[in-house]
Amino acid sequence: MNSALIRWIAAIALAGSVVVAAPIASAAPADNAPGTVVDVSDLPAALWFPSTGSAKRVTYWSVGSDGRPALSSGAFYLPEGTPPAGGWPVIGWAHGTSGLADDCAPSRVGPALAGRDRPYLGNWLARGYAITASDYVGLGTPGVHPYLDSKVEAHSVVDMVKAARAVTPTLSNRWVAIGQSQGGGAAVATAAHASEYGGPALDFRGAVGTGVPAYIEDTLLPLGPGVPPVALPAGITSYVFDILAGFRAAHPELNVNSYLTPLGRKYVDLAETLCTNETEDVVRGVVLGDAVNKPLRDVPNFQATLTDYMALPETGYNRPLFIGQGLTDTDVPAPLATAFAARLAANGQPVTFKTYPTDHSGTFVQSQADAIPFVERLFGK
């Protein structure tokens, strides 16, 4: 592991309890209630996954960081052939980091890591599962995507299932959430909130999250002038600017720009306009300690507000949850996910945690040998 990254991770305080925020209120008038469909169109065949029989792009209402109605978009994919009695069981796919610009929305351009994700999603279709795939609020729809806002992501995933079922009667109400990286966190958050957000109309069975960004909010707390003093890997730097951009848009009352240097504002602004690979390219070599003009932990209410925004719940799981973690993952270091899984177990949550001798994407690939049977058991197969 990069030595600078090790020093950075060493600064993280894992001992404190994570504050779990109250659920976002989803009450809204009927015309913009969560899951209400605004627009439907055919998804271009070039964006279909293998074994897709038909696919649509959907714009629908969900819930934003302020608890008010917000638009999201996404796509759903039906398998080839005739649906079984009761309809196609549903995989609610939560995608990994693709960037903050609208042009990065997977329903517009496909998965950011197409070579990895397309065969995997095609495998589920070939097994007779439909796929719903939210872009998340603000990614492809108005406003800045509140990157890693766990409750917004959960609402986006649940409400995409509702929207797809409103469009086609061939979908079952039985479903699971699955995600990797950003989507791993979204799948875990969904597992905690699915019964509440989905209501009795949906039969949520459980979730799988790999590369789950647990306690990432704590890694921002040491950030201050000259800390860290060296450039971190471009992927880590890119994530930080994405978080600050989403957090800045979600919480204008904190005036994030007031504790960014001109260099910091430049890259946070750029993060709103780029996809992930582009952001990594432009921030390579940038020192995060040069991006801020005062310690973030000194900003009034910063820690509590950031925790409310990002933290994954440590209780509230009423269905089985599988978490996979790579031991050599430098995007989401193993100590963070291990600590999170240990906390869940200590709290009596129904979690299965497994580690793999590989990196971030490698975990997603290697864990499939365990995750696919786990999901099929949730559907009674």
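Is Cys 275 buried, partly exposed or exposed, and what is its relative accessible area? In this predicted model, the relative accessible area of Cys 275 is 21%, which places the residue in the partly exposed class, because buried is reserved for values under 20%. Cys 104, in contrast, has a relative accessibility of 2% and is therefore counted as buried.

These two cysteines are joined by a disulfide, with an S to S distance of 2.1 Å. The structure holds 1 disulfide. The link between Cys 104 and Cys 275 is left-handed, with an angle of -105° about the S-S bond. Distant parts of the chain are connected in this way, the two residues being 171 residues apart. Cys 104 lies in the loop between strand 4 (88-94) and helix 2 (106-109), whereas Cys 275 is found in the loop between helix 8 (262-271) and helix 9 (276-283).

A second set of results concerns strand 7, which spans residues 203-210. Of its 8 residues, 6 are buried, and the strand is mostly covered. Strand 7 pairs with strand 6 (residues 171-180) in the parallel sense, over 7 bridges. Within this pairing, Ala 207 of strand 7 stands opposite Ala 177. The connection from strand 6 to strand 7 passes through helix 5 (residues 182-198), giving a β-α-β crossover that is right-handed.

Strand 7 also pairs with strand 8 (residues 321-326), again in the parallel sense, over 4 bridges. Here Val 208 has Phe 322 of strand 8 as its bridge partner.

Note on methods
Residues numbered from 1 in each chain as written. Predicted model: local features only at pLDDT ≥ 70, side-chain atom pairs only at ≥ 80, totals over all residues. Heavy atoms only, no water. Buried < 20%, exposed > 50% of the residue type's maximum accessible area, 1.4 Å probe, protein only. Pairing = 2+ DSSP bridges. Right-handed = clockwise from strand over helix to strand, strands pointing away. Disulfide = S-S within 2.5 Å.
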